[in-house]
Amino acid sequence: MNNVVAKTLIVLQLVFSLCFMCFAGAVYTFQKGWRDKAEASARQVSDLQKTLSDQQAARADEKTKLEADKKKLQDDAGNAIAQINQLTNDLGQARAGLAAAEQERDKHLADLLVAQQEAQARITETTAARSEINTLRDQLNQGIALRRSLEDDNLDRQGKIDEAAEREEQMLREIGRLRDLCRVNRVDPNEPVVGPVPAAITRVDGVVRQSRKNASRSAELVEISIGSDDGIGPKMKLIIFRGSRYICEIEITDVYPDMAVGRVIEATRNGSIERGDNVTTKL
Amino acid sequence: MSQQSSDPTIYDALMFVSLGAVIIGIVFWVLTLNSYGWTSG
């Protein structure tokens with residue numbers, strides 16, 4: 001009996017010893033890998049803890065920042081609400097102003113309509129007045145032309161009046177001179193004229209073109225360069241001279257428009273007549 | 001006095017083997033603890 005127990009205990013001791021040996025060998029064999037895994041896990045845990053601490057710090061910073069932003073946003077929201085309230089008030093005032101402006105606009109539109117009607121009436125009146133102005137302008141132009149014409153006539157007549165006044169003055173001087181002459185010659189100017197009155201002789205100058213004697217050589221005929229156009233008529237007596245020398249007198253026998261023929265009055269001859277001698281009605 | 005047999009039996013061999021196994025296990029255990037510097041980790 002003791003042998004059986006001893007043998008059993010020996011077998012169990014052998015089994016447990018072998019198990020211990022195998023377990024210790026296995027631990028020795030695989031502990032390096034386990035250690036590496038443990039160290040890796042430890043490093044990973046350390047990294048994770050570090051990352052966690054960083055994340056927590058970042059979270060704290062972010063939280064602080066978000067708190068600041070939140071406060072700022074709350075302030076902004078407060079300001080915005082105040083601005084909204086102010087804008088609401090402004091909107092109410094603007095709407096009231098808009099209503100007043102619309103009323104004012106309607107009033108101005110009505111005034112504008114009246115003003116347009118008045119303007120249209122003014123335009124019509126202006127058109128009529130313009131046409132009337134054109135008519136009056138034409139009449140004014142006609143009046144101006146008439147006035148100018150009348151002024152020209154007036155000037156002409158004034159000139160004629162001045163000329164007549166001058167002539168009247170000359171005539172009065174001439175009458176005075178003639179009256180003096182009559183008084184000196186003891187002629188009564190009121191004495192009536194008896195018989196034909198010879199025409200007044202005006203001074204007309206010409207030249208002798210040629211002279212020749214008649215067929216019987218009893219008289220000498222002279223052709224002169226002045227005629228009836230110069231006031232020369234039959235029976236007129238003209239004087240022939242050369243320079244300051246008196247030649248003779250001639251009596252006109254034939255008269256033509258631009259020439260005349262006269263006979264020499266032998267009783268007055270004082271020299272021979274030559275071509276180019278001067279002839280005049282009076283000296 | 002009874003005469004006891006001094007011849008080793010199979011159980012003596014088994015005891016020897018088990019002792020060797022224990023020694024080997026202790027060696028492994030010591031080596032393992034040595035690698036950890038005799039600390040528990």
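1. A:Glu251 stands opposite A:Arg263 in strand 5 of chain A. This pair is a convenient place to enter the structure, which is a predicted model. Strand 5 covers residues 260-265 and is joined to strand 4 of chain A by six bridges, with the two strands running antiparallel. A second pair across these strands is A:Asp254, which stands opposite A:Val261. The two strands form a hairpin, and four residues lie between them.

2. A:Glu251 also has a partner on the other side of strand 4: A:Lys237 is bridged to A:Glu251. Strand 4, residues 245-255, is antiparallel to strand 3 of chain A, and six bridges join the two. Another pair here is A:Ile240 with A:Cys248, the latter in strand 4. Strands 3 and 4 make a hairpin with two residues between the strands, and in this hairpin A:Gly243 has a positive phi near 70 degrees.

3. Strand 3 has a further partner. It pairs with strand 6 of chain A, residues 278-280, in the antiparallel sense, over three bridges. Across this pairing A:Ile239 stands opposite A:Thr280. As background, the strands of a sheet pair through backbone hydrogen bonds, in either a parallel or an antiparallel way.

4. Which order do the strands of the barrel in chain A follow? The six strands close into a barrel in the order 1-2-5-4-3-6, with antiparallel pairing. On average, neighbouring strands of this sheet are turned by 45 degrees against each other, direction ignored. The order along the chain is simple to state: from the N terminus on, the elements of chain A run α-β-β-β-β-β-β. That amounts to one helix and six strands.

5. The next point concerns the interior. The largest nonpolar core has 15 residues, and those touching the most other members are A:Val208, A:Val222, A:Ile224, A:Ile240, A:Cys248, A:Ile250 and A:Ile273. Strand 2, strand 3, strand 4 and strand 5 of chain A each give two or more residues to this core. Strand 4 gives the most, with four residues.

6. A:Cys248 deserves a separate look. Leaving aside residues up to four places away in sequence, A:Cys248 touches A:Ile240, A:Val264, A:Ile265, A:Thr268, A:Arg269, A:Asn270 and A:Ile273. Of these, A:Ile240 is also the bridge partner of A:Cys248.

7. For chain A as a whole, buried residues make up 8% of the 283 residues. Among the contacts in chain A with a separation of 6 or more, 55% come from residues 24 or more positions apart.

8. Two residues in the loops of chain A have a backbone angle to check. A:Arg186 is not a glycine, yet has a positive phi of about 60 degrees. This residue is found in the loop between helix 1 (2-184) and strand 1 (205-213). Is A:Arg186 buried or exposed? A:Arg186 is exposed, because only 12 or fewer other C-beta atoms within 10 Å are allowed for that label and A:Arg186 has 6.

9. The second is A:Lys235, also a residue other than glycine, with a positive phi near 75 degrees. A:Lys235 lies in the loop between strand 2 (220-224) and strand 3 (237-242) of chain A. A:Lys235 has 9 C-beta neighbours inside 10 Å and so counts as exposed.

10. Chain B has one helix and zero strands. Of the 41 residues of chain B, 10% count as buried. The contact between the chains takes 14 residues from chain B and 14 residues from chain A. On the side of chain B that touches chain A, 10 residues are nonpolar, four are polar and none is charged.

11. The last point is confidence. Chain B has an average pLDDT of 83, and 83% of the residues score at least 70. The model scores ipTM 0.84 and pTM 0.31. Where pLDDT is low, the predicted coordinates should not be read in detail.

Methods: Residues numbered from 1 in each chain as written. Chains lettered and ligands numbered in written order. Predicted model: local features only at pLDDT ≥ 70, side-chain atom pairs only at ≥ 80, totals over all residues. Contact = placed C-beta atoms within 7 Å. Nonpolar A, V, L, I, M, F, W, Y, C, P; charged D, E, K, R; others polar. Buried ≥ 20, exposed ≤ 12 C-beta atoms within 10 Å, placed from the backbone. Pairing = 2+ DSSP bridges. pLDDT = per-residue confidence, 0-100. Axes fitted to C-alpha atoms, helices over the stretch in contact; angles between N-to-C directions. Core = buried A, V, L, I, M, F, W, Y, C linked by C-beta atoms within 7 Å.
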